[in-house]
Structures are given as C-alpha cells and as structure tokens.
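Biologist: I would like a close look at a single part of this model. Please take me through how the helices pack there, and then through the pocket.

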Amino acid sequence: MSTPAENEASIKQESGPSGTVQDKPKKIVVRTGDGEVFELKEEVAMEMETIKTFFMEDNISYETVMPLTNVDSWELVKVIEYCSKYVELKNKENFHKELKAFQDEFVKSMSPKTLLSLSNVANYLEIKYFLDFICQAIADHIKSKDVEYVRELFGVENDFTEEEYEMAKTEAPWAHENLDKDLY
Amino acid sequence: MAGGILMHRSNFLKRCIDLLKTLSNIWMVRNTLTELDEDVTGGETDGDPNTRVTTLTNLPEDVTSDILMRLPVESLCRVQCVSKTSLDISRSPDFATLHNLQAATDASPMRVTTWCSGTSVLQAWQSFKYNSIKQTLTKSVHVFQIGSKQYDFEVDFVFCNLVFLKTLIRHGSDGFGPCLLVNPLREEVLELPLSNIPVPTTNTDSGDDTDWYGMGYDNITSTYKIVHVRATNNCAVAQVFVVGTSSWRQIPLAPPFDESTSFSGKRSNNAIYVGGHMHWLVYRKIESLGYMISFNFNREEFCATLVPSSNYGTYGGLHLLEFRGSLALVDVHRPDVYYNIKIWVLKSYDDEKKWELHHNITMKCLLPIWTSFPAWSTFREFCAEWEHGICLASEDQCYFLDLRNLSMKIEQLPPYSTPGYRSKARCIALGFKHSLSFFMMSYHQ
C-alpha cells in the first residue's frame, strides 16, 4: 500500500527529465561553491555537459539542487550570460557575425586573470564552445607578451636554474626580441 | 638547383629546427604507450606528481595545452621558458601535432605551398577534413603543389604533420632528385641536400620499391634525423641526414640487410613513427612472410619483427599505423563475400615484441574488390586513424569504420579545384584534433 508521501514522490519523479506534459519552461537549480543558489533555464543548463550528465544519466529529478562546488557565483553569472546569448543566437542567420560582436564586448571588460578562472570553469562544466572561445581569448592576449608576464599571469614559479633558463632561451633567441612591454 | 617559391631557406631551417624541438621526447608523455627502451631525459620533475612545485595556477593540463596550442611559434618558444611544466607540455608530441592542426582549423583563405623548378605545377595535394560529428568530408584550405621537369614526387611518409616526398626516378633520368620535407599546414618546404654517397643503381623495371625513408628524433643528441635505405636484390646502402647539417652520412648496415637476407620487395606505402622508432612493412618473397623493419634513431640500427598476418592471398591489404597511441597493424582480408578486418596492436616493445588482436570484424560492405591485384599491391591503399576508428581510402573514396558500432561510412572525395587534374589515388593522413581529421589526396595532370 503506498502512502501519500510515496505517491507524491512518484509524481515528482514523473515530472522530471523523462518529461511529461508541462506548460511552464523547466528550471534547473544549482548551488555554487560560495553558497549561492541559481535557477537556470533548462535549455541553457543543458549546454553544460556536466549538468546534463548529472541529470540525464541517472534520471534525477529537477527538484534536486545540483552542487557546483568548483564554481563561484560571479563565474556562473558570466557563464550563464554567454550560454544564454549563444542559445539565443544559435539558430539565427547572422549567427557568426552577431556572436563575434558579442564575444568582443564580453572580453573587453575582463582582466586576463578573469579569463583564466573562466577557462577553468568552462572546463569543469564541459562547455566546449565556451572553452574554445576563452582559450582563444587568452592565447590572443599572451601571444605578444614576454616570459615574465606569462609567469606572473599564470602564477607560476620559475623552477629553472640560471643555466636551464638560458638553455631554454637559446633554443629560439629571436623569439625574445621586440615584445610588448606591458605591465601586468 | 630549384628556383621557385621557397621560404627564405636559412630562416625556415632555423624555425623548422626550433619548432621541431618542441616535438621532442616522443616516448615521454603518452599514457597509452608502453615502456620503451631508452630512458627519458630533460624537462620533467622527478618523483611523485603531488610534490611538483610548478602548477599553472590550478588549471588542468588539458586547458593549458589548449591555450598554448593556439599560440604562434614565436610566442610558444617564449612560453616554453616559463617553467618546466610549460616546457614539458610544449614538448609533448601530441601537443606538436595538435599545434599544427590548430593552424589547419584556423585558416580560412586558401593556403598554398608551391615548389617548382622551371615548370608549371604538375602534382598537387589537396587537404580534406572529416568532421566526425557532422559526418561530412569537405575540402580544406591547405594545398601544396609540385612541379619539376625531371622528377616525379611521391609521398614517402608523414612525421608529425610533416610530409616527406621522395623523387621517383624517371626512366632515362640521371639519378636522384632532391627530397622535400613539406609542412602544408604552415606552408613551408625544406629541400634536402642531394646524397653525396654513391648508391647502387637499380633496375626500375623490377617494380620493387627500393628506396625507403624515415624520420625520427634522437633524444640523446637532441637532433632530428632522416634515414634513407636503398635495398636491391644484392646489396643495400643506408645513410642518415641530421636536420640542420648539410650532408648525408653513411651508416654501416647490420642484418637484416646483408646479402643473404634480402629484404627487397614490396613495401607498405607508409612508414610509421611510433615510440622513437620508424617502422616499415616488408614482404620477403623467399619466405612468403611479412616483416616489420624498425629503425632506432639513437643507435642507428635496424631490426626485424614478424607480423601476424596469415593472409597473403589474392585479396587483402596490410597497413601499419599509429592507433590510440600504439603501433598497430590493420589486416584487411577478403576470404569470400565478406570482408574481415583485424586490428593488431603491438603491446610490448622489448625483445619479445607481442602483437595483440584488438579487433576482429567481419562485415559485408562496399570495399573495392581487389580482384586484379595480388595482395601486396594493395599497399597503394591507405589506412589511418580517426577519432572513432580507422579509415581506408582507395581511388577517390574514403571509408570510415566506426569501431564503436562497427558501421562503415563511405565518402566521395571531390575532384581537384583546378580542372585537368586526375586523382592519383594516393592519400596521406595529417592527424586529427577533436572531431576533425585531416587528410591530403594527390592529383596530377
């Protein structure tokens, strides 16, 4: 004999990903590493493979709040912004043009460190096109910078000895001339 | 001496070496490759990875690699100097190949490399990319063209996206022509010096393939070497060229090339570089057996290994390739109305070289019926790895075998963009990055 609680549970199960008729757009709820809760539109959330797998593989109900421990709230805001725009533009005619314009705006306000954090998040959430975009943005940024700059940006310690460093440098001495002398 | 459109030679040579230096230590990083003889030198930290001092913030290596491969060569050379980890990453062979392939995916206008000596273009290679998600084979932007009055060129092998072309001696011509090393993805051509070592003349009518070439990395001297063997019925000569020097150096040949164990005969159309060695397939007519000859670039020595194919009958083809990081042998055999495809992988690479059968597929499908050719002529066909399996090509069609569900997809190759060229049915593989695989198909007038 099933209790009302059980009945309720089974009804909830049915209204999960296996999809019965529902009029309102489905929402997926996630919680970021710093404790904030976000409600995502299903179509945007499904762009992120990690979230998609979490719900689809074991048929987990959308009632569950998915924890995204490696993502901070500000990062998620940015990701949502990009993915929403991508989904919106996806089927349009001028997709590439409009996406490019959006991408240029998107990157303008960001510091290189921000881009690095976002690349980590894109990798964790498994959003291929977003990862491509961020990695390209980072590459474009560092391509004319010198060794010190890249080291500082990535927060890397120089573990070469003097000699090892000189040896690495002499492999392509012409590469170390004529660079941007930007300060980080 | 060739005129034509060569890159500024000394500059190219330098950049070639410098770029190639980022390819080094081929047997260092790939997880799937089993332990090989030499120990690795250079660049890595010892001991437990958890005690590594350097991490690029907390970015996983994949992501760092992804960023680095989008950098142009100059800035890659700088980033190498950042830390030992970045040096490791930029030196891994996977990385180098992907770095070149990145150039392929970025380009949109046509990128043509040309090498002509006093005549118009006679042969061309058009690149194609296969998108495994959309399952489409489309023309890509890279083309390289060759023209020469005296020589025909043929691809001998591909090493890390570099295509090596040797000259075919035309009947009545006066000997060797120059060999070329082409990087079609970055439009660069290197012309190798002519050999100054006397080599035996061959009877080109015999139909045997007598000139073998290979390229690899010697991690002891940190140099790239190209090896050349000319094996005829009664003698063989081998020489080595170190990239960056100006001449070939003869090497003494040990067995299996002495007179009594002649290895002349048909050879597979591609040599494969895996695990620090270059490998070729040869058929010994006397024994009716197939062997794999391997050249070790450190010791500059050859050795021979039996291959596990029992099918040298009228239908079939044997191919060596790099598959999922290891050396593999694909044996396509057609006993009757069905095709049988076996994939053997070389698992242990010490003295006991063991081939393991990884796939044994029988299917009724539309591979061309090689009725009129004896088995080893099918070396003209081509076999390479793509994201989800292997592909075979012949004439103007590519057959993609998906090993996940054992399905075969057939793609027609479009004709060359300039009219008047016929397909030469020679195909080369440049590697794949994610879901895009790159090939080149040859055409001639």
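**Helix packing and a pocket**

Modeller: In this predicted model, H6(A) meets H7(A) through a set of residues on each side. From H6(A) come A:Pro112, A:Leu115, A:Leu116, A:Leu118, A:Ser119, A:Ala122 and A:Asn123. From H7(A) come A:Phe130, A:Leu131, A:Ile134, A:Ala137, A:Ile138 and A:His141. By class, 10 of these residues are nonpolar, three are polar and none is charged. The axes of H6(A) and H7(A) lie 9 Å apart, at an angle of about 150 degrees. Angles over 145 degrees count as roughly antiparallel, so H6(A) and H7(A) are roughly antiparallel to each other. Their crossing is left-handed.

H6(A) has another partner. Helix H6 of chain A, residues 112-125, also packs with helix H8 of chain A, residues 147-154. Here the angle is about 55 degrees and the axes are 10 Å apart. That makes H6(A) oblique to H8(A). The crossing of H6(A) and H8(A) is right-handed. On the H6(A) side, the contact uses A:Pro112, A:Lys113 and A:Leu116. On the H8(A) side, it uses A:Tyr149, A:Glu152, A:Leu153 and A:Phe154. Five residues of this contact are nonpolar, two are charged and none is polar. A:Pro112 and A:Leu116 take part in the contact with H8(A), and A:Pro112 and A:Leu116 also meet H7(A).

Now follow H7(A) to its contact with H4(A). The axes of H4(A) and H7(A) come within 11 Å and cross at roughly 115 degrees. H4(A) and H7(A) are therefore roughly perpendicular to each other. The crossing of H4(A) and H7(A) is right-handed. H4(A) brings A:Val79, A:Tyr82, A:Cys83 and A:Tyr86 to the contact, while H7(A) brings A:Tyr129, A:Phe130 and A:Phe133. Seven residues of this contact are nonpolar, with no polar and no charged ones. A:Phe130 serves here against H4(A), and A:Phe130 also meets H6(A).

That leads to the pocket. The second largest pocket holds about 1400 Å³ of space. Its lining has 37 residues, and the closest to its centre are A:Tyr86, A:His96, A:Lys128, A:Tyr129 and A:Asp132. Two of these names are familiar: A:Tyr86 and A:Tyr129 also belong to the contact of H4(A) with H7(A).

Both chains contribute to this lining. In chain A, helix H3 (49-57), helix H4 (73-89), helix H5 (95-108) and helix H7 (128-142) each supply at least two residues. In chain B, helix H5 (93-106), strand S2 (123-131) and strand S3 (136-148) each do so as well. The largest share, eight residues, comes from H5(A). By class, the lining of the second largest pocket divides into 12 nonpolar, 10 polar and 15 charged residues. The contact of H4(A) with H7(A), by contrast, has no charged residues.

Technical notes: Residues numbered from 1 in each chain as written. Chains lettered and ligands numbered in written order. Predicted model: local features only at pLDDT ≥ 70, side-chain atom pairs only at ≥ 80, totals over all residues. Heavy atoms only, no water. 1 Å grid on protein atoms, 1.4 Å probe; cavity = no way out; pocket = protein on both sides within 12 Å on 5 of 7 lines; lining within 4 Å. Points joined across faces, edges and corners; volume = space filled by probe spheres on them. Helix = DSSP H or I, 4+ residues; strand = E, 2+ residues; numbered from the N terminus. Nonpolar A, V, L, I, M, F, W, Y, C, P; charged D, E, K, R; others polar. Axes fitted to C-alpha atoms, helices over the stretch in contact; angles between N-to-C directions. Parallel < 35°, antiparallel > 145°, perpendicular 65-115°, else oblique. Left-handed = near helix turned anticlockwise from the far one by under 90°. Contact = heavy atoms within 4.5 Å.
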